[in-house]
Each structure stands twice: as C-alpha cells, then as structure tokens.
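Trainee: I am new to this structure and would like a close look at a single part. Please walk me through it step by step, and then help me find my bearings elsewhere.

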Amino acid sequence: MDRTATLVVCLAVLVVPALQAIETDQYYSWGRPLEDSLEVMNAKVNLEIDRALAQTNQQRRDPGMTCSAVRKRIVNHFRLLLIHRLELWAVNSALVERIPATAEEELRYRKVFLYHDRHPLDPAVLMAPSLTIQVDDVRFGTDKLTHFFSEGWMYYKSYRKGRRSGLSHEEAELKAIDMGAFTERTILGLATSGVFSRADLEANYQGLRFMTALCDPVQPLLIRTDEGWQLREPFDFHDYITPEWDESWQSSIIGRFRWKRIRPVLEGYCAILDTPEVRAQRQRYASRDRVTATERRIQELVDEGKLADPRDYSIEQVCAGRDRQGLFRNDSAPSLSIDDLKVGNTVGPLDFLYHRHRPASRGRRVSPRGPGRLDHQ
Amino acid sequence: MAATRGRRSFRPRSAGGAIHLAVLILILWRPAFASDGQKSTGTTRDSERQVELTRQILEEEGDSRRRTIGLIRLRASYPQKVSAGFGWMRVRLPASYDCRTVCDLQGPAFQIEPGLAGVQLSAGYAHLIGEKRRSRHFLKAVYVGYGGKAVLLRTYGDSPLEPSGQTLIGAEGDLTVASVNLSLGVLRSLSDDRERDWIVTFGVGWGF
C-alpha cells in the first residue's frame, strides 16, 4: 500500500501541472478569415449569468444575501471540470466560428501548431491545444475564457485578501498580478510547460476587473430589485478584451529548451508577417494597445532579471533582418501566398515545413543564435 | 455574425425539448436584457440582436439527444493485477456536438473489465471531459473525469486473495487526470471461506 500511495502522489505531481498546460497558437490563424463572435459570446455569457441569477433568486429569497454571495454563485455557475463551461461551449457550438474550423482540421492542427514539437515528458503533451476565436476584433485562444472566469476569480480572492489586510486598490491588484506571475513562472508555466504566457495573465487580470465590477461599491453591475438580483446592464466582452489576449501579439516568454523547438516554427511565419491581412490586423491591435498593469509588472520583473525580455520572443524579433519572402526559397521550400491560407485550403505555413520538407529544411533553418536573454531558467 | 457559413438550423426534436426551450426563453426574457440600463454604445437593435442570438443558443441546446460513448481503460490494480476495461456511458448532448474534440460528458456508465486475476462488472455515474478524436465510438482521451460505481468482482487464477477464487461486491471511485486513471474501492467478500471480509482495491492506469 505504501508503494501504491507513493505512486499515486508521484502521478498527481506529474499530471496536475498538465491541467493548466493548455497552449494556443494565434499565428496559425494568420491570414485565415474568421468571423467575429462578440455578439454571440455576449449573448451566451448573459444567458448563463441570467440563469445563475434566476436560480439564486428562486432558491434564496434571503433579503440579507450579499452581492459577494451572488457573485460567488455566478462564478460557480460557470465552473465545470478543468475547462470552464463557456470555453467548452465555444469549442463545440455551431454558433461560434473557430480556427481550426473542423474536428479533422483540429486534429491536423495539433501536429503543426506552434508548440507541437514537445518533449514526450512535457505535461502539455497530455492536453489538447486551444482553438482560436475572434471576439471584438481580437483573436485569442479559447483557454482565455477559462482564464477570465477561473483565474480571474483566483485573482479576485488574492485582491480581496490584500484589501482586507489594508492594501490600497492598486497594491491589492499588484498582489494579485504577482500571484499570477509567480504561478506562470513556476508550476503553471516556465518550470513545467516552459511557457510563460503573458496573454493568460492579461485575461486573468480582466477577469479580476469583471469580478470587482460585479460588486463595485460605487456602481455595481449586480443590483437588487424587487424581482431579485439582476445585472444593471448586460455583460459585454468589449469592456474586457484587449489585443493583449492574442498570443501572436503578446508574445509568451519561452524557456531555453522549449525555445529551440519553437523558434523554427515561429520562423515559418516570417513569410506572411508582411502580408496585407496580417499587417492590417497588427495595425488595428497597435491602435488599441495600451500599457497594462500586467505589462508594467512584467517589465519590472524583467528589469530585476527575474524574467527574460518578452520582446526577444516576438515575431518581429525572430524575423528581424531576414528576407522574409526569401526565407523559404533559400530552403528550397515553396513560398506561400495569403491565398494558401484561406479557409478550406489545408495548406498552412507549417504543413510543408513539418511534413513535406521537414528533414531538409529543419536543419538549415534553426538559427544557432538564441534570443538575447535566455538565462531566466 | 453576418455570414452563416457552415451553420445549421436547430429545431427541438421532442415535446420535452420544446417545453425546455420555452422555459428557458421565459427565463431569458426576465431581467437583464429588458433592463433600461442600455450601455452608452448600445441600441434597441443591439438588444434585439442579442435576444435573437440567445434564441439560437437555446435552440442549439434544446436540440439535444442521448448518445452512447464507449470507454476504455487499461490498468494495473489490486487484486486484478493487469486488466482491460470496456464500457459505455449514456450522455445527452446537443446534436451538433460530435465529441471528436473536447466534450463535457455526464451520465450513467457501465463497464466490464477482465484481468489476469479477476473480472469486474461495474455500474455507476461518471462526469468526464474528453474526446473521441478519430474513433467513431470510444473516447480516446479523457482530460479530466471522475466517477462512482457499484462493483461486482470475481477473482480467479493466481489472485492475491485467499482463497484466490472469490466473489466480492462493493463500491469504487475513479479519477482521471490527463488520461491517467486512479481508482480506489472497498469490496466485501461474499465467499464463505474468505480470509477477510473487506478488502481495499486500488489501481493506476490509462483511460477511464
């Protein structure tokens, strides 16, 4: 029995990080048309909140029920196993357009997406990568929906604890962000999957904003009426989603060993970085991009030498100084046009790199130079 | 949501589904969307669009049907030693969900599991998040899941029990994370010549 108990504990330690090791790849969606799902996502969230409130109002006529208790019920309503209810709906519903669009394409995507080249012992290998959806003109992985509600709630608990211990609003927010950054640097990020996702932290932070807004002391989203608890105004993702949710815009920080496998894949996208579609998308992002609280904190960690500089992992840095269109011609591999990436065309930039031309191109294209700062691990 | 490429229209397939849909629509019409707190960027047309989209969501949910999903498990366990389980669970899902990629599955589960030192029959309830991938019938990956079931076990051969051939009955709990399955059970022997009345079973394996 002792041996079995040890085995169980070891397995738990091994597999639990896998729970949060879900990865996503927005580069794969570059140049592929994708319908915006803002309206239907809003409708779904409002429907689920309304259901949670209807249950609450039906079951608990307690006039002393606090806004915090109602908020907790809303959070619990979205909760499921590992993946939140909203994310599961988004990856299955016919009302939400996704990339990859079909199950068959998704199974192929798993063999070519940004993080596909993984060590067999990487816990992330056990989990399916998230799909890309577009909401409010921002493309992001469906995992961000779980981050928004689940990690947003964890952030809120940390924030609340900070406030109760006398911290100011800003200090308590910072405490929550630090908690998220710590987990991304350790058990849920760099130390396990080798990826520190800044976009995940942005979604967490926006989740915190939503949680605090629900019971804001001045203008709460939740109000009590004669009919019970209601939303003062419908939930709108427009208030929370920013370009920083897109991991092709908000590049992740990658561990040294993981980077060796990821960089060659990323280089494959240099060929389409300057296409009109991708450039237009990045210009739209740039016009909406603001320095967020999370970014400020990460920059402090970078300045303190605790994190590598995320700019070293950006597509611009990877492609800097390269003849982008010539990159593939030099490798005797076919160049891609944006038309190759339209929906229904199964050829993607990685398909030929990692299947048809993999042995020939891979060895030549891997740059011996790593990013400037990779000494964070 | 201008284009509707690749989308399907949904209609409830049963009277029960239609009633369910009607109730949900009534719930929907109650508070939030009818509130006067329109956002500064919102318009009445936006609100109508939201109601229409909500109706489509409810229709999709209402068009659900029962399905049978196959379960597979390979495990090393006590007292069965090495065993392979085959089973199925009955779930209700929207018609458009094919579960080739991640799905939420809840429902009654049944399993038969022959092993080197025993065969186990079980029936219970399971809640899983998994996918069939390219399989038509069986779940190929269970990302997370748990279940509880009643178990009937018949041991034989060189089982570690004394005597080796016994019939036991009891309960077992299962937990699967990232396809790694852990099981723990408590069984009572029904055999007259048993050495112990109760045994604790446990196992580690793949699947659910």
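Mentor: Happily; we will follow one part strand by strand, and then turn to the other chain.

Before we start, keep in mind that this is a predicted model. The part to look at is the barrel in chain B: eight strands close into it in the order 1-2-3-4-5-6-7-8, and their pairing is antiparallel. From one strand to the next, the twist averages 25°. Strands of a sheet pair through backbone hydrogen bonds, in either a parallel or an antiparallel way.

Let us begin with strand 1 of chain B, residues 64-78, which runs antiparallel to strand 2 of chain B and is joined to it by 14 bridges. To find your place in this pair, look for B:Ile69, which stands opposite B:Met89 in strand 2.

Strand 2 of chain B covers residues 81-94, and B:Gly87 sits in it. Is B:Gly87 buried or exposed? It is buried, because 22 C-beta neighbours lie inside 10 Å, and a residue needs 20 or more to count as buried. Setting aside residues up to four places away in sequence, B:Gly87 touches B:Leu71, B:Ala109, B:Phe110, B:Gln111 and B:Ile112. Take B:Phe110 from that list: B:Gly87 and B:Phe110 are 23 residues apart in sequence, yet their C-alpha atoms are 5.3 Å apart in space.

Now move round to strand 4 of chain B, residues 118-131, and strand 5 of chain B, residues 141-155, which pair in the antiparallel sense over 14 bridges. In this pair, B:Ala123 faces B:Ala150 of strand 5.

Strand 4 of chain B also holds B:Gly118. Its surroundings can be read in the way we read those of B:Gly87: B:Gly118 is buried because 27 other C-beta atoms are within 10 Å. Without its neighbours within four places in sequence, B:Gly118 is in contact with B:Pro79, B:Gln80, B:Leu153, B:Arg154, B:Thr155, B:Tyr156 and B:Ser159. With B:Thr155, the separation is 37 residues in sequence but 3.8 Å in space, C-alpha to C-alpha.

One step further along, strand 5 of chain B pairs with strand 6 of chain B, residues 167-177, again in the antiparallel sense, over 11 bridges. Here B:Val151 has B:Gly170 in strand 6 as its bridge partner.

That is the barrel; now for chain A. Its secondary structure comes to 16 helices and six strands. Chain A has 377 residues, 45% of which count as buried. Among its contacts between residues at least 6 apart in sequence, 80% join residues at least 24 apart.

Chain A has an antiparallel strand pair to set beside those of the barrel: strand 1 (residues 132-135) and strand 2 (residues 138-141) of chain A pair over four bridges. A:Gln134 stands opposite A:Arg139 of strand 2 in this pair. The hairpin has two residues between the strands, and A:Asp136 takes a positive phi near 55°. Strand 1 of chain A is covered on both faces, with A:Thr132 and A:Gln134 buried on one side and A:Ile133 and A:Val135 buried on the other.

A:Val135 is worth a pause: it is buried because 23 other C-beta atoms lie within 10 Å. Not counting residues up to four places away in sequence, A:Val135 touches A:Asp36, A:Ser37, A:Leu38, A:Met41, A:Phe237 and A:Ile241. One of these leads into helix 2 of chain A, where A:Met41 is among the buried residues. Helix 2 of chain A spans residues 38-59; its 22 residues reach 31 Å from the first C-alpha to the last, close to the 32 Å expected.

For a last stop, look at helix 6 (residues 143-164) and helix 8 (residues 198-214) of chain A, which pack at an angle of about 60° with their axes 6 Å apart. Their crossing is right-handed. Among the residues making the contact are A:Phe148, A:Gly152 and A:Tyr156 of helix 6 and A:Ala203, A:Gly207 and A:Met211 of helix 8. By class, this contact of helix 6 with helix 8 of chain A has 12 nonpolar, six polar and three charged residues.

Definitions and conventions
Residues numbered from 1 in each chain as written. Chains lettered and ligands numbered in written order. Predicted model: local features only at pLDDT ≥ 70, side-chain atom pairs only at ≥ 80, totals over all residues. Expected span 1.5 Å × (residues − 1). Buried ≥ 20, exposed ≤ 12 C-beta atoms within 10 Å, placed from the backbone. Pairing = 2+ DSSP bridges. Contact = placed C-beta atoms within 7 Å. Axes fitted to C-alpha atoms, helices over the stretch in contact; angles between N-to-C directions. Left-handed = near helix turned anticlockwise from the far one by under 90°. Nonpolar A, V, L, I, M, F, W, Y, C, P; charged D, E, K, R; others polar.
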